[in-house]
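Please look over the sequence and the model below before reading on. The briefing that follows goes through selected features by topic.

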Amino acid sequence: MQSIYALIQSKDDSLQKQEKFLKVSIENTYTLYLLWLSLFVEIQKRAADQISLSANKYISDKKQEFPNPNKFIQNRLLLQMVDNTMLAEEINHRKLDHWYLNEEYVKLIYKEIIESDAYQKYMSKPESDYASDKELVLTLFKTIFAPNEKIYDYFEDDKLTWVDDIPIVNTFVLKHLKKAKQVHPESYFLPSLMKDDDDMQYALQLLSRTLLKNEALEKEIEGKTPNWDKDRIAEIDSILLKMAICELLHFPSIPERVTINEYLEIAKEYSTPKSSIFINGILDKLTKEYKAEGKLNKIGRGLL
């Protein structure tokens, strides 16, 4: 969607350029995932430094009131990231030194963590297990990391496309960490960008077919919007409709209901409040029409 929208806005008809943009955008999404994990690593390191400083003080502070002051830095899930050689090598390879160069964000998040109720409750108990360690990490990400406006602004300033990627990546981080187990190898924290080459092929085909069949797709929409004309349909809605129609007609292995639900969710996220209702109405009409005309030829899992 971003690639098609960018092409329309720039009035650039270079399909090759948009395919390159798509690949770069997907790669940048993975970079964002790595940045979140590297922030966890830097937070743990800062906590360890603070513990070390506290140990050298003659006066006690609030951190030393906890039964086990080292509990947070010994958090098992955090250590899986901190001690992960593969993760460190990937971060270094990509030169992701964002938090080293912008230490104020690490300090900001760390301060919010130690002042949070979740942290206080966690640290008040001397013992823990992997489940409670993981629960803390997930809670901190949901309540402190992800909602932080300064981090959000920083990501937006660094790469504009990350604004759209943040909700997707945040959801993935939560789901992936939630499934983490103590026995998982280092590679677990470096999941494949895509399941297989077919995923990238699908993305490129959807992009190219939607762009190359633009006029034909517009005609499919005409007549299904009695109260709307071409110029009144929101540009994002128009793009989503064309992508959805293209997927319905030219990707037989994808179930029609999966396609419709997917684009309704995207519309809710990126377009106007009523867009999902509008898009659902059109796709519902088209789906019935395609079935009656024998155009909707789904195969394999598309039949489910």
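Which residues does K150 touch, not counting residues up to four places away in sequence? K150 touches Y105 and L108. The model discussed here is predicted. Its chain has 15 helices and zero strands.

**The chain as a whole**

- The chain has 304 residues, and 42% of them are buried.
- About 17,200 Å² of the chain is exposed, with 52% of that area supplied by carbon and sulfur atoms.
- Taking the contacts between residues at least 6 apart in sequence, 80% join residues at least 24 apart.

**K150 and its surroundings**

- K150 has its place in helix α9, which covers residues 149-158.
- K150 counts as exposed because its relative accessibility is 52%, and the cut-off for exposed is over 50%.
- One of the residues that K150 touches is Y105; the two are 45 residues apart in sequence, while their C-alpha atoms are 7.9 Å apart in space.

**Salt bridges**

- Side chains of opposite charge can pair when their charged atoms come close.
- The count of salt bridges in the model comes to nine.
- One of them joins E27 and R94, whose closest N and O atoms are 2.8 Å apart.
- E27 lies in helix α2, and R94 lies in the loop between α4 (85-93) and α5 (98-101), so this pair ties together parts that are 67 residues apart in sequence.
- E27 is partly exposed, with a relative accessibility of 33%, and R94 is also partly exposed, at 23%.
- E27 and R94 also belong, together with E90, to a network of linked salt bridges.
- Another salt bridge is formed by E218 and K242, with 3.1 Å between the closest N and O atoms.
- Because E218 lies in helix α12 (residues 214-221) and K242 in helix α13 (residues 235-250), the pair ties together parts that are 24 residues apart in sequence.
- K242 counts as buried because its relative accessible area is 7%, and buried means under 20%.
- K268 and E265 form a salt bridge as well, and their closest N and O atoms are 3.4 Å apart.
- Both K268 and E265 lie in helix α14 (residues 256-270); they are three residues apart, so about one helical turn separates them.
- K268 is exposed, with a relative accessible area of 54%.

**The cavity**

- How many cavities of 30 Å³ or more does the model have? The count comes to one.
- The space in the largest cavity is about 60 Å³.
- This cavity is lined by 10 residues, and the closest to its centre are I51, P69, F72, Y110 and Y119.
- Helices α2 (15-55) and α7 (117-123) are the elements that give two or more residues to the lining.
- By type, the lining of the largest cavity has nine nonpolar residues, no polar ones and one charged residue.

**Points to locate in the model**

- Helix α2 comes up under two topics: it holds E27 of the salt bridge with R94, and it gives two or more residues to the lining of the largest cavity.
- The lysines described above include one that is buried, K242, and two that are exposed, K150 and K268.

Terms used
Residues numbered from 1 in each chain as written. Predicted model: local features only at pLDDT ≥ 70, side-chain atom pairs only at ≥ 80, totals over all residues. Heavy atoms only, no water. 1 Å grid on protein atoms, 1.4 Å probe; cavity = no way out; pocket = protein on both sides within 12 Å on 5 of 7 lines; lining within 4 Å. Points joined across faces, edges and corners; volume = space filled by probe spheres on them. Helix = DSSP H or I, 4+ residues; strand = E, 2+ residues; numbered from the N terminus. Nonpolar A, V, L, I, M, F, W, Y, C, P; charged D, E, K, R; others polar. Salt bridge = Lys/Arg side-chain N within 4 Å of Asp/Glu carboxyl O. Buried < 20%, exposed > 50% of the residue type's maximum accessible area, 1.4 Å probe, protein only. Contact = heavy atoms within 4.5 Å. Areas by Shrake-Rupley, 256 points an atom, 1.4 Å probe, with all protein chains shown as cover.
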